[in-house]
Amino acid sequence: MAIGPRLEMRQGQSLVMTPQLQQAIKLLQLSNLELGEFVEQELEKNPLLEASAAEPEAERLNAADDARDSGDFDSGPVAETALTLSEEGPLPSREGDLDMDYDNVYADESRSDTQNEAAASMPDQTSSDWQNLKSGSGGGGSGDGEFSLESTLTREATLAEHLTDQMNMALKDPRQRMIGAYLIDNVNEAGYMAADLADVADKLGASVEEAEKVLKVLQTFEPTGICARNLKECLALQLAERDRLDPTMQIFLEHLELFARRDFDLLMKLCGADREDITSMIEDIRDCNPKPGLAFGGEPSVPVIPDVFVRQRADGTWAIELNGETLPRVLVNQQYYTEVSKLSGDPKAKAYLSECLNSANWLVKSLDQRARTILKVAAEIVRQQDAFLMHGIQHLRPLNLRTVADAISMHESTVSRVTASKYIATPRGIFEMKYFFTSSINATAGGEGHSAEAVRHRIKELIDAELNDAVLSDDNIVDILKKSGIDIARRTVAKYREALNIPSSVQRRREKKAYA
């Protein structure tokens, strides 16, 4: 056979990830905060996109027909799935098809002309107060007669700022202030001194004794225990302020590792104290703060905003609704596109507008598809975990991604993306969607398995209820669980116990004996 160049035609199939498909997949796994940031960026880039300023109309979509097609949806308590895009209260459900046009989901609710006229005719009850603020006569204005909202803003002082303010009053020598400022810069967020004094003295050209002297001054600042070099010193500073740092307590602090192991018999022997004294010292130590610096400059805690609400109806079924506050609402300005296209004769400008229009339409469709997919997955999770919602964590069922994916005819990866960083508000609290996916532990009789999370909760209940003279070992817990129909190994019990930060039976027995 001769070797030479030639042309051949072959037919094949391959999966091509278009930019639009990549965007849709990306939107699925974004949290509500990340989605909001992404939409804001798109609004800045695309002139045809507009944020919907009007309050959205409360729109209910019934997904019962789709759910029935995917399984025995009517056999469970979830009989209807609703999509709500506003904060309005529960509305009567109405029949509809989940696969309706996406434009209906984001319909705007604008006020009528009569409502606008009525609002315009209402007296301005706050105009006088606002004028007083602008003129500075209302107590909140600035001296130049202009009201500044920024002047009312404040923030919590950081740990470094708090220590610096105290240092400026306690140290007058510029050399000591320089050393103190450097030491404060090396205090970590927990309030401990992270720098070695020898290195500090070498870098600043000072003696170790001088750095030690400044550090002693810093350790007198509030909060008590700040600038300590280790846990022992941090506790000693706080105990000394309470006049509890006697020689016996100092010996106790020298052997904190025995306290961590609950070896109270050896502690009593080393400290020369009886059980009552050791118990009193333990209480004093527990009253101390091992991380005094965390009280300053921490990031404000952000409350979890659920993506889905689950509530129980009067007939016992569950209503699943999307949180409209977490759904960005964007509109495509078709009128602007039409006007600019008519006025522009540049082919490049028209091509740019067409690209912007396609991108805007695809973004709206992607947001709609994301909302529908989240709703569909949440409905199936509620159907699978109905016993948990009704009776508590003891009835949490083992569940994996494949089970949900097969029930709603989706791929496992899609379900995984949907449940990432999404939260669901139920009558039993707010949970991450991935919380409901737990591994299975076999039943002794060969029946339905038990959820690992439910088993962990059962282990914690058993240990919390144990008596002082009957501390349960891991083997005892295994026997009790097997009698309850849970086939579990001792090493699995030990792993779950350690994950719950529960000490071993030996340490618990020592602790209960010390407090007996």
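These are notes on the predicted model above, point by point.

1. Ground rules. This is a predicted model, in which local features need pLDDT of at least 70, side-chain atom pairs count only at pLDDT 80 or more, and totals for chains, interfaces and linings use all residues. Residues are numbered from 1 along each chain as its sequence is written, and side-chain values use heavy atoms, with hydrogens and water left out.

2. Overall make-up. The protein has 23 helices and eight strands. Both are DSSP runs, numbered from the N terminus: helices are H or I with at least four residues, strands E with at least two. Of the 516 residues, 38% are buried. Buried means under 20% relative accessible area, exposed over 50%, and partly exposed in between (1.4 Å probe, protein chains only).

3. Surface and contacts. About 29900 Å² is exposed, and carbon and sulfur atoms supply 50% of it. Areas come from the Shrake-Rupley method with a 1.4 Å probe; for residues, only the protein chains shown count as cover. Take the contacts between residues at least 6 apart in sequence: 65% of them join residues at least 24 apart. Contact means heavy atoms within 4.5 Å.

4. The sheet. Four strands make an open, mixed sheet, ordered S3-S2-S5-S6. Its edge strands are S3 (318–322) and S6 (429–432), and each pairs on one side only. From one strand to the next, the twist averages 20°. Strands S2 (residues 308–312) and S5 (residues 423–426) run parallel and are joined by two bridges. Two strands pair if DSSP finds at least two bridges between them. Across S2 and S5, Val308 stands opposite Ile424.

5. The helix on the sheet. Helix H16 (residues 347–384) packs on the sheet and touches S2, S3 and S5; its direction makes about 155° with that of S3. Axes are lines fitted to C-alpha atoms, for helices over the stretch in contact, and angles run from 0 to 180 degrees between N-to-C directions.

6. The largest core. The largest nonpolar core has 30 residues, and Val308, Val310, Ile320 and Ile424 have the most contacts inside it. H16 gives the most, with eight residues. Elements giving two or more residues include S2, S3 and helix H17 (386–391). Such a core is a set of buried Ala, Val, Leu, Ile, Met, Phe, Trp, Tyr and Cys residues joined through side-chain atoms within 4.5 Å. Beyond its neighbours within four places in sequence, Val308 has contacts that include Ile320, Ile374, Ala378 and Ile424.

7. A second core. A separate core of 20 residues includes Ile179, Leu183, Leu197 and Leu215.

8. Salt bridges. The count is 21. The rule asks for a side-chain nitrogen of Lys or Arg within 4 Å of a carboxyl oxygen of Asp or Glu. Glu212, Lys216, Arg229 and Glu233 are linked in a network of them.

9. Three pairs to inspect. In helix H16, Arg372 and Asp368 form a salt bridge with the closest N and O atoms 2.9 Å apart. These two residues are four apart, about one helical turn, and both are buried. Lys45 and Glu42 also form one, at 3.3 Å between the closest N and O atoms. Both lie in helix H2 (residues 32–45), three residues apart. Lys45 is exposed at 56% relative accessible area, whereas Glu42 is buried at 8%. Arg244 and Asp246 meet at 3.7 Å, N to O. Arg244 is partly exposed at 25%, and Asp246 is partly exposed at 31%.
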